[in-house]
Structures are given as C-alpha cells and as structure tokens.
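Q: Got a minute to go through the aromatic rings and the nonpolar packing in this one? I'd like to start with how ring pairs get counted.

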Amino acid sequence: MDPISERLRARHPQRIDLSLDRMRALCAALGDPQDRLPPVVHVAGTNGKGSTVSLIRAIAEAAGLRVHAYTSPHLVRFNERIRLAGTLISDDQLNAVLDRIEAAMAETGGEATVFESTTAAAFLAMSETPADLAIIEVGLGGSLDATNVIDRPLLSVITPVDLDHAEFLGDRIEGVAAEKAGILKAGARGVIARQSEAVMAVIERRAAEVHSPLTVMGVDFDAWAERGGLVYQDQERFLDLPAPALSGPHQFDNAGVAVAAALELDLPEAAIAEGLKSVRWPARMQRLTVGPYAEKAQAADAELWLDGGHNPHAGRALARTLAERQARAPRPTALIVAMLANKDAGGFFEALKGIDAQVFTIGFDGAAADPASLAAVAQGRGFGALPTTSVDEALERALALGAGRIVICGSLYLAGEVLGASPETWPV
C-alpha cells in the first residue's frame, strides 16, 4: 500500500455512509471548494465511467484546455485519482490538503470516510489551481455519492447502467438507475449513454423532475465503427472520426458519448479527432508489452492483456472484445482471474460463457475471493478452471498449455498489482 493510502486508512473511518450530510459539513468547514471549481462535467454510471472521463479529458486537452480530473480507484499510486490541470497531484500537494482536511475535522468534531476525505481533497486542490474544466467521476451510485455536493455542473454524463455494488445500491436495476440519475441537476444538460428501457424510463423521470434537458444515445445521436474509424451522427452533423485508441468494441459507445459531451462543450472537430487518437486509460483491455509478465509472454510468442472489468456488464464487454479478436486472429485463450469476494463472480463468468478459454484463478492483497471458490464458480459455468497461487504461476501454466492470448482480468486491484510490477512504466 502506498503512503497516502496508508495515511487515509489509518486516520479515517472505513464505514461508507450513503448520505451527503458529512460531506456537506466537511466542505462547509473548508469554505465550500466545490462551489469554486472550474466548469464541471459530472460522470456517473456502472461501467465505462473512467474510459469516458479519459476520452473527454483527452479531447479537451487536445483543444488546449487545462483540465482537472477526479477518478477512482487508483491502480498503483493514490495520486492517480487527482489530476490538476493535466498533471497528477504531487505527494506534497496531497499531504498539504489532507492536513487542512484533518484540521477542519478536528476543529468541528466531524469525521469523514476515506472517499469523502479524498473527494474533499480533490475539490480543495482543484479550487486553488487554475484550470478551464473539471471532470469529476462518481465513486458509488450518484445521488448520495460524496461528489454529488456539486450543485451546478455544466454537464452531467451517465454511462451504461447495470447491477453492481448490490450491498449498497440494491439488486433492482430501477433502484440503481435512480441513484445514477441523481446527478442530473436543473439547467445542466445530461448526456446519456445507450441504456435499457427500464433504466431510461427512470432517467427520463428524474430529468423531468429537475428540468434537466437530455441528449440520449440512440435517440439524439449515435456512433458506430465503420471502415476502421468511428462514425458519429446527430441531428446536425455527420462526423467521420478516428477509432478510439482504447481496445474493445464497447469503447466505440464510450467514445460516442464523449464526442457528444465534447460537442456540448463546443470543442472543435480537430480536437475531437486528436483526443480519440491520443487517449490512454490503463487496465481497460490494455496490451502489456513491457515488464516481467509481458516478457514471459513474448518469449512464448503469446499476447498478454490486462482488463479491470469486474461485473457482468464488463464481462459481456470482454466477451465481445475477445470474440472479435478471435474472429480476426484465432489463438488458444486463457483467462487469469481474481475478483473481490463481494462481486458477482457467477454473473461475470456467465457473461463469458461463449468464450473458449482455460481459466486460472488467483488472489490478491485485500478482500479477494478465495481462488478455489472462484475456480468452482467458473467450473459451474462450463469452464476448465484451476486455482493458482500467483500471477506468475498462472501465467506459466497458461503458457505451458500453449495459450497464445492471455487476459489478466476481473479486478482493478489485481490490475494495479500487475502494473505495479513494472514501476518504470508508471504513472501514465
């Protein structure tokens, strides 16, 4: 664990409190920095939030804007969560704002969770650093998420909504959608990704209640892959754009939402094209080409990929990506999988059922599912699955079986450990 993470976990309660009372009190003690941010793009959803944030950021930066960004979780270093005008916050800057947050809590007798403290730190640092735009990603849910003390966003974005975090958001899609739709605010346009009918009905109801105009994918605009590029069309324009630099067919939908948001921000087409080409977002179907694991794979003429998706919706996206790659270049496939114990492992493997792959399960530092139990879940969905003790062992076994395409997947925590094994390539 990096020093900043250790500091936060040592001094702050771990209990998640799904209300805004503590966060509003903390922000008030700090002078309400959330009201002093540059124009805000607020992003919620179940999957694709981070990719969409990275796409919007890349486009805005290509247009010459100074852009703040707040995302979670981090992969290797806690500082990844906060970008100030395009640069990761330094340890000195982060510790300084955390000092002020802890002093405010001591003075008022309040408390805050790790995420609340981190969010307040982001708002405080961003409010004191000149920039043209702030892109803020929701951590959990939406309406009661710590980021939702932002009352006047310029734009609200909702990426695809599906079931996840059932212990907090429930197991009904309508309830999850209501939480995500809670970021919609009066007068701020909502850019909405393609959704199921049930989800869209909830979003439309919330938008009507707060008088938030909507721009909806599949209704007001659309985007699709064509001739190696991305085609974007709305009621006013037809754009022939480069394909996004992020791998997987689902990234065309994420890119379409990002383009719609960029157009709402009046960013030029040239910047949109450049941002799509230059965007980077690690651990989202990322090809690993450096580091000890990549070297082992390359020595055996195998591809090695990393994907942090960890729920059924992400599993379906991974399945589509692998099916597309297999259609172009068939290779024996292996999956090295670890997941948090509270995730829907059955739903994840069910989503992958159409993929012919050998599964190797592992653990990681933290509340990971037991590898043997995870292997049993995979076996129950028709996969050959074997528990192993580490990425090294799983990779060696996969290569020994002749796998030519290996995907390490199932958890961003696992992805962070894998990327952390090659510190010379990090941060991005």
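A: Sure. Rings of Phe, Tyr and Trp (its six-membered ring) pair if their centres lie within 6.5 Å; planes under 30 degrees apart count as stacked, over 60 as edge-to-face and the rest as tilted. Keep in mind that this is a predicted model.

Q: OK, how many aromatic pairs does that rule give?
A: The count is 6. In one of them, Phe221 and Tyr232 have ring centres 5.8 Å apart and planes at 25°, so they are stacked.

Q: Which strands do those two sit in?
A: Phe221 is in strand E9 (residues 221–226) and Tyr232 in strand E10 (residues 229–234), so the pair ties together parts 11 residues apart in sequence.

Q: And are they buried or exposed?
A: Phe221 is buried at 3% relative accessibility, and Tyr232 is buried too, at 2%.

Q: What about Trp224 and Phe238, how do their rings meet?
A: Edge-to-face, with 6.5 Å centre to centre and 65° between the planes. Trp224 lies in E9 and Phe238 in E11 (residues 238–242), so this pair bridges parts 14 residues apart in sequence. Trp224 is partly exposed, at 28%.

Q: Any ring clusters? Which residues are in one?
A: Phe348, Phe349 and Phe383 are linked into a cluster by ring pairs.

Q: Switching to the packing: which residues have the most contacts inside the largest nonpolar core?
A: Val41, Tyr232 and Leu241, in a core of 39 residues. Helix H9 (residues 250–264) gives the largest share, 9 residues.

Q: What other core lies apart from it?
A: One of 32 residues, including Ile4, Leu94, Phe123 and Ile150.

Technical notes. Residues are numbered from 1 along each chain as its sequence is written. This is a predicted model: local features need pLDDT of at least 70, side-chain atom pairs count only at pLDDT 80 or more; totals for chains, interfaces and linings use all residues. Side-chain values use heavy atoms; hydrogens and water are left out. A nonpolar core is a set of buried Ala, Val, Leu, Ile, Met, Phe, Trp, Tyr and Cys residues joined through side-chain atoms within 4.5 Å. Buried means under 20% relative accessible area, exposed over 50%, partly exposed in between (1.4 Å probe, protein chains only). Helices (H or I, at least four residues) and strands (E, at least two) are DSSP runs, numbered from the N terminus.
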